[in-house]
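Biologist: Please take a close look at the enclosed spaces inside this model. I would like the walls described, and then the elements that the walls belong to.

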Amino acid sequence: MSGPIDMPDPTSAPPAPGVPKGPRHRGRAAVVAVGLIGAIGVGAIAIAAAAEPTGSADVAASPTSPPATAAVERRSLAVTEDLTGTLGYDGEMSLVGNLRGTLTKVAAVGDLLKAGDIAYEVDGQQRAVVMLGSRPAWRTVGPGVSKGADIKQLEQNLKALGYGTGVKVDSKWTTATTKAVKRWQKARGLTRDGVVDLGEVVFLPEAMRVTEHDVELGFNTGSGSSVLKGTSARQVISLDLAADRQEIVKVGDAVAVTMPDGSEVPGAVSAIGRVATATEDVFGQAGTPTVEVTVTIDDAAAAAALDGAPVTIVVTRSSRPSALAVPVNALLALLEGGYAVEVMDADGSTRLLGVETGIFDDGWVEVTADGLEEGLAVVVPS
């Protein structure tokens, strides 16, 4: 219901059914004198309508006191919800080694293994060097070897590391490839033979942050066995969202992340699990099924050294970037249903204007009505 509402003159016409008799008080004779509490969005919002005077001399209002007013404003409004997540790292990986021998050196937990770094050493001399590529090494490569994707990956890394002068990056081994390998081997303290033995290079899809040792110093490594476990260096936030509420977020949604120190950084939903899981409590009863939601943050430095820390993710469920709004306590509940605001015109007179409500945010509510404009004065409780 929206539009102006006629105000009857109590001296010349009977009141409408359900409207108490008596003198007008701030132009609200057509309004139910009740308190309205509505659960809108997140939380409960109280909307109180003004009550009629009782006629008692003790509570008589001064006829010369003008009502308090607030201006209709154009504001950005949003309905948000807070979710709890945990900082961590995305992408679990294993570093599989093909060097046989006694493990004599290994990257420490917490190290970040990048292209060119030594992952581990066996027998005090053979070293496995990390390079980046989507395919694992499966053979020894050198002069005379057949074409393959492993050669292209190797050449890409030699170029990136500064040893690939004259190398054409393709799947074919050339004299330039041999020379580049020898330069790399010399710089890394490896046997300078121009051949990359199986196990001498370990290809990883991206830089790996070491989290666990699968083989301890002094123990033997085997062909194709996992030596290290880790994650990517991409710090993310994980949260379990009830499966029946996953509609409140979608991939790509912008969110705000409140860090443990109270600072706020922007982020975005990067992944939503497709399979719901439910854990059991101590009594063996299944809990609420949840899906895993992953959030990435724009400023990785803001989350440095906070692995495992709890954070708050603020999700915007709906928003209005430029809405006409009034304070919530300007709303009046009407007898026939719906809401109105009491508009004060320039001459000091007041009139009721029926409005449609939208979203509520921080004490303000979106309102629409014919004739409602920014800057209009509406009556609010004193």
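Modeller: The count comes to two cavities of 30 Å³ or more. A cavity here is a set of points on a 1 Å grid over the protein atoms alone where a 1.4 Å probe fits but cannot get out, and a lining residue has an atom within 4 Å of a point. Grid points are joined across faces, edges and corners, and the volume is the space filled by probe spheres set on the points. The model is predicted, so local features need pLDDT of at least 70 and side-chain atom pairs count only at pLDDT 80 or more, while totals for chains, interfaces and linings use all residues. Residues are numbered from 1 along each chain as its sequence is written, and side-chain values use heavy atoms, with hydrogens and water left out.

The largest cavity has a volume of about 90 Å³. Its lining is made of Ala137, Arg139, Val141, Asp150, Leu154, Val196, Asp197, Leu198, Gly199, Val201 and Phe203. By class these are seven nonpolar, one polar and three charged residues. In this scheme Ala, Val, Leu, Ile, Met, Phe, Trp, Tyr, Cys and Pro are nonpolar, Asp, Glu, Lys and Arg are charged, and the others, Gly among them, are polar. Helix 1 and strand 11 each give at least two residues to this lining. Helices (H or I, at least four residues) and strands (E, at least two) are DSSP runs numbered from the N terminus.

Helix 1 has twelve residues, and its first and last C-alpha atoms are 17 Å apart, close to the 16 Å expected at 1.5 Å a residue. The expected span is 1.5 Å times one less than the number of residues. Two lining residues of the largest cavity, Asp150 and Leu154, are among the buried residues of helix 1, together with Ile151, Gln153, Glu155, Asn157 and Leu158. Buried means under 20% relative accessible area, exposed over 50%, and partly exposed in between, with a 1.4 Å probe and protein chains only. Strand 10, helix 2 and strand 11 are what the buried residues of helix 1 pack against. After helix 1 comes glycine 162, with a positive phi near 90°.

Helix 2 (residues 175-188) has 14 residues and should span 20 Å at 1.5 Å a residue, which agrees with the 20 Å between its end C-alpha atoms. Ala176, Thr177, Thr178, Ala180, Val181, Trp184 and Gln185 are its buried residues. Their cover includes strand 10 (126-132), helix 1 (149-160) and strand 11 (201-204). Glycine 189, just after helix 2, takes a positive phi of about 75°.

The second largest cavity has a volume of about 30 Å³. Leu83, Leu239, Val249, Val269, Val293, Val295, Ile313 and Val315 form its lining, which divides into eight nonpolar, no polar and no charged residues. Strand 18 and strand 19 each supply at least two of them.

Two of these residues, Val295 and Ile313, also belong to the largest nonpolar core. That core has 21 residues, of which Leu87, Ile237, Leu241, Val257, Val295 and Ile313 touch the most other members. Strand 5 (73-89), strand 15 (235-242), strand 16 (254-258), strand 17 (264-272), strand 18 (290-297) and strand 19 (310-327) each supply at least two residues of the core. Strand 18 gives the largest share, four residues. A nonpolar core is a set of buried Ala, Val, Leu, Ile, Met, Phe, Trp, Tyr and Cys residues joined through side-chain atoms within 4.5 Å.

Isoleucine 313 touches Glu81, Asp82, Leu83, Thr84, Gly85, Ile237, Leu239, Val255 and Ala256, leaving out residues up to four places away in sequence. Contact means heavy atoms within 4.5 Å. As for the chain around these spaces, there are two helices and 24 strands, and 37% of the 382 residues count as buried. Of the contacts with a separation of 6 or more, 65% join residues 24 or more positions apart.

Technical notes
On a 1 Å grid over the protein atoms alone, a cavity is a set of points where a 1.4 Å probe fits but cannot get out, and a pocket is an open set with protein on both sides within 12 Å along at least five of seven lines; lining residues have an atom within 4 Å of a point.
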